[in-house]
Amino acid sequence: MLSHLPGYSLPERLWRTARRWALAWGRIVYLGAVILVLVLSPSSYTRAARRTLARHIYLDTAPILMGFTVLAALLALVITRIVVVTALSYGLSRYALEMVIRVLVLELIPLTATLFVAMRCTIPQGTQLALLRQSGHFDALRAQGGDPVRMELLPRVVAGVFASITLAALSCVVALIMAYLSVYGFNLAGLPSYTRMFGHVFSPAVTLVFALKTLFSSLAVALIPTTAGMYDAGEGVTPDSELGGLARMFAVLLLIEVGSLVGNYY
């Protein structure tokens with residue numbers, strides 16, 4: 001990033017880079033607060049707004065729901081088989097399913113769902129917002145008394161959060177079912193022990209951490225890429241400025257994942 005600021009000394013390049021990152025994070029925090037206020041405001045749910053919101057939720061969720069569910073089922077089968085066979089070879093079969101649930105359901109599936117939604121929905125939505133801004137659509141809305149944040153950003157952010165949470169919840173259920181079937185088959189003989197083990201893993205503290213992790217990850221992938229499309233990057237549009245939103249999103253997801261691991265295992 002520093003190499004794309006020619007003609008400046010090293011301190012000036014450091015200062016400009018730090019200022020750019022501070023401005024980007026400030027915009028994310030500001031728009032996140034605005035979105036929270038708009039979500040809680042009844043005036044945001046007029047008939048036209050509800051129609052627009054429903055359309056974005058459907059377009060961001062329905063086309064990818066079946067494909068990701070199949071992907072989650074295949075992933076659950078493969079990982080369960082690998083873990084069970086490995087555990088049997090070391091005489092640790094009693095811990096195999098618990099390990100599968102901890103690795104697959106608590107950690108891997110929610111992160112995969114949020115990244116899938118980011119790649120298929122929210123990052124393209126951020127690009128679409130940038131194109132609308134550059135075409136003068138936002139200025140036209142302001143001239144007509146409209147608010148681009150309320151009319152264009154809010155539905156996309158809410159739809160991204162909804163899609164991420166929906167995919168994470170559904171894929172976790174599918175992963176739990178596939179893990180049971182891959183071990184016990186199509187019978188109910190192992191259901192009592194499986195439910196006891198599930199209750200042991202999902203204690204109240206772990207469940208709270210899991211819910212918060214899913215919510216914050218969904219907010220990150222819905223808000224950060226779309227926020228990048230609402231403002232001009234300044235100093236020209238370069239590959240670094242386009243990838244800056246992705247870098248910030250992955251940084252936030254990494255911090256959330258680290259916080260989840262600390263909350264679950266320390």
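**A walk through an all-helix model**

H3 bends by about 50° at Ala118, in what is a predicted model.

Q: How many helices and how many strands are there in the protein chain?
A: Read along the sequence, the pattern is α-α-α-α-α-α-α-α. The count for the protein chain is therefore eight helices and zero strands, taking helices and strands as DSSP runs.

Q: What span should H3 have at 1.5 Å a residue, and how far apart are its end C-alpha atoms?
A: H3 has 39 residues, so at 1.5 Å a residue the expected span is 57 Å. After H3 comes Gly136, with a positive phi near 90°. Back to the two lengths: the expected 57 Å agrees with the distance between the end C-alpha atoms, which is 53 Å.

Q: Where in H5 does a kink lie?
A: Let's start with the helix itself: H5 covers residues 148-184 and reaches 53 Å from its first C-alpha to its last, close to the 54 Å expected. The kink is about 35° and comes shortly before the proline Pro155. Its place in H5 is Leu154.

Q: Which residue has a side-chain oxygen that reaches the backbone nitrogen of Val149 at the start of H5?
A: The other end of the helix is worth a glance too, since just after H5 a positive phi of about 75° is taken by Gly185. At the start of H5, a side-chain oxygen lies within 3.2 Å of the backbone nitrogen of Val149, and that oxygen belongs to Asp147.

Q: Which residues touch the most other members of the largest nonpolar core?
A: This core has 25 residues. Helices H2, H3, H5, H6 and H7 each give two or more residues to it. The residues that touch the most other members are Ile101, Leu104, Val105, Tyr194 and Phe202.

Q: Which residues does Phe202 touch, not counting those up to four places away in sequence?
A: Phe202 belongs to the largest nonpolar core. Leaving out residues up to four places away in sequence, the partners of Phe202 are Ile101, Val105, Leu106, Thr207 and Phe210.

Q: How many residues are in the other core, which lies apart from the largest one?
A: Among the members of this other core are Ile123, Leu153, Met230 and Ile256. The number of residues in it is 23.

Q: What percentage of the residues in the protein chain is buried?
A: The C-alpha atoms fill a box of roughly 65 × 55 × 30 Å. The accessible surface comes to about 14400 Å², with 71% belonging to carbon and sulfur atoms. Of the 266 residues, the buried share is 39%.

How values were computed:
Residues numbered from 1 in each chain as written. Predicted model: local features only at pLDDT ≥ 70, side-chain atom pairs only at ≥ 80, totals over all residues. Heavy atoms only, no water. Helix = DSSP H or I, 4+ residues; strand = E, 2+ residues; numbered from the N terminus. Expected span 1.5 Å × (residues − 1). Bend = angle between axes of the 7 residues up to and from the residue. Polar contact = N/O pair within 3.5 Å; in protein donor to acceptor, adjacent residues only side chain to side chain. Core = buried A, V, L, I, M, F, W, Y, C linked by side-chain atoms within 4.5 Å. Buried < 20%, exposed > 50% of the residue type's maximum accessible area, 1.4 Å probe, protein only. Contact = heavy atoms within 4.5 Å. Areas by Shrake-Rupley, 256 points an atom, 1.4 Å probe, with all protein chains shown as cover.
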